[in-house]
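Biologist: I'm new to this one and would like to learn how to read it. Could you walk me through the sheet and then the helices?

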Amino acid sequence: MIFPERFSNLPAYAFPRLRALLDHLEPGGPVVHMTIGEPKHAFPDWVTDEIVAHAATFNRYPPNEGAPELLEAIAGWVERRYGVPVDADTEVMALNGTREGLYNSAMALCPETKNGEQPLILTPNPFYQVYAVAAISVGAEALFVPATDASGHLPDFAGLSEAQLQRTAVAYVCSPANPQGAVADRAYWEQLIGLAEKYDFKIFADECYSEIYRGEAPTGAIQVARDMGADPERVLIFHSLSKRSNLAGLRSGFVCGGPESIRRIKQLRSYSGAPLPLPLQMAAVKVWQDEEHVIENRRLYAEKFELADEIFAGIEGYQSPNAGFFLWLPVEDGEAATVKLWTETGVRVLPGAYLSRDADGENPGKGYIRAALVAPKTEVAEALVKLRDCLYGQE
């Protein structure tokens, strides 16, 4: 049998690995899932009404790059959120969730060579696994750049060598970061965009958690790029309604960037994409236009983070995240802590090493677990107390 070898060294995806680790063991109490970042807050009631109102369009092929109404709604949101006017026809494309865009944008935009060598795709470590698979798919080399406490839980791309930067074609950045909740400030974006301008690479800014924050709204890559007068093709941003609006199943996301980048992504998508059905696109129009439900969603998460700060007060190494909805908790060994927590309490978390990769003999996620604060407040509070007492309590 003939099979491609380029994917042969991929580790099992995080959640099959977790099932293999835990499912043969009995939980030590009522099961509480804190593993996957699947929002549990209510989405607006009128979303269902919008889908029903447009149900007759299920018999039509939807526009591949997004209905005009949806592209206009997205462009309007970008301008309101970041103060950057964008052209709905040429600078925005609707996505079937951002995973598709983060993958296919590398397929459409990463060159076969960079300065005569195999291109590098930079990814933070820990990272969203699609970044690495995109690199493999386009024949690039994925370079895993540590995003640790020492670097503010963001990758220090400026610390790479001249030779590495000369080979770089794409840099993925997740801000707010999954899993750590770190936020790239204006200075970080200015430095990275400056590097991208100097060494001629693209920045793929994965900003899916941008609307779940505490305090000030995170600075966006696109607004800094425009303020700097950077090449319009330099930065692409990726967003979705999954976290912002608790609509992971609606699969409404978008990519926004320079006209030539978007043209090339659209061209590839016309062959390989899977556009959203029109009733879902029409519902997404209204969701992108509404902010009231987003403010309420943010308030609910803020309450749970305040609870976490109280429960983990005094725990050495605990860092209260600025954004997102995960806790990135330090432990001696992530897998061992996950098994202990499951078998003694029934609380299910994810070992940090499942979200990162061994690089230069180190796995920056090994000494962490990730806990998602997506369940209702009372359930989260009970689970966090169990977690604290089990993993950080006195023996």
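Modeller: Sure, and keep in mind that this is a predicted model. Strands of a sheet pair through backbone hydrogen bonds, either parallel or antiparallel. Here you have an open sheet of seven strands with mixed pairing, in the order β2-β8-β7-β6-β5-β3-β4.

Biologist: Which are the edge strands?

Modeller: They're β2 (92–96) and β4 (141–146), each of which pairs on one side only. On average, neighbouring strands in this sheet are turned by 20° against each other, ignoring direction.

Biologist: What packs on the sheet?

Modeller: Helix α3, residues 68–82, does, and it touches β2, β7 (235–240) and β8 (252–256). The direction of α3 makes about 110° with that of β2.

Biologist: How many bridges join β5 to β6?

Modeller: Five, between residues 168–174 of β5 and residues 202–206 of β6, and these two strands run parallel. To follow one pair, start at Val173: its bridge partner in β6 is Ala205.

Biologist: Now the helices. How do I describe a pair of them?

Modeller: Two packed helices are described by the angle between their axes and the distance between the axes. Take α4 (residues 98–109) and α10 (residues 259–272): their axes come within 9 Å and cross at roughly 105°. So α4 is roughly perpendicular to α10.

Biologist: Which residues make the contact?

Modeller: From α4, look for Glu100, Asn104, Ser105, Met107, Ala108 and Leu109. From α10, it's Ser261, Arg264, Ile265, Leu268, Arg269 and Ser272. By class, the contact of α4 with α10 has five nonpolar, four polar and three charged residues.

Terms used. Residues numbered from 1 in each chain as written. Predicted model: local features only at pLDDT ≥ 70, side-chain atom pairs only at ≥ 80, totals over all residues. Heavy atoms only, no water. Pairing = 2+ DSSP bridges. Helix = DSSP H or I, 4+ residues; strand = E, 2+ residues; numbered from the N terminus. Axes fitted to C-alpha atoms, helices over the stretch in contact; angles between N-to-C directions. Contact = heavy atoms within 4.5 Å. Parallel < 35°, antiparallel > 145°, perpendicular 65-115°, else oblique. Nonpolar A, V, L, I, M, F, W, Y, C, P; charged D, E, K, R; others polar.
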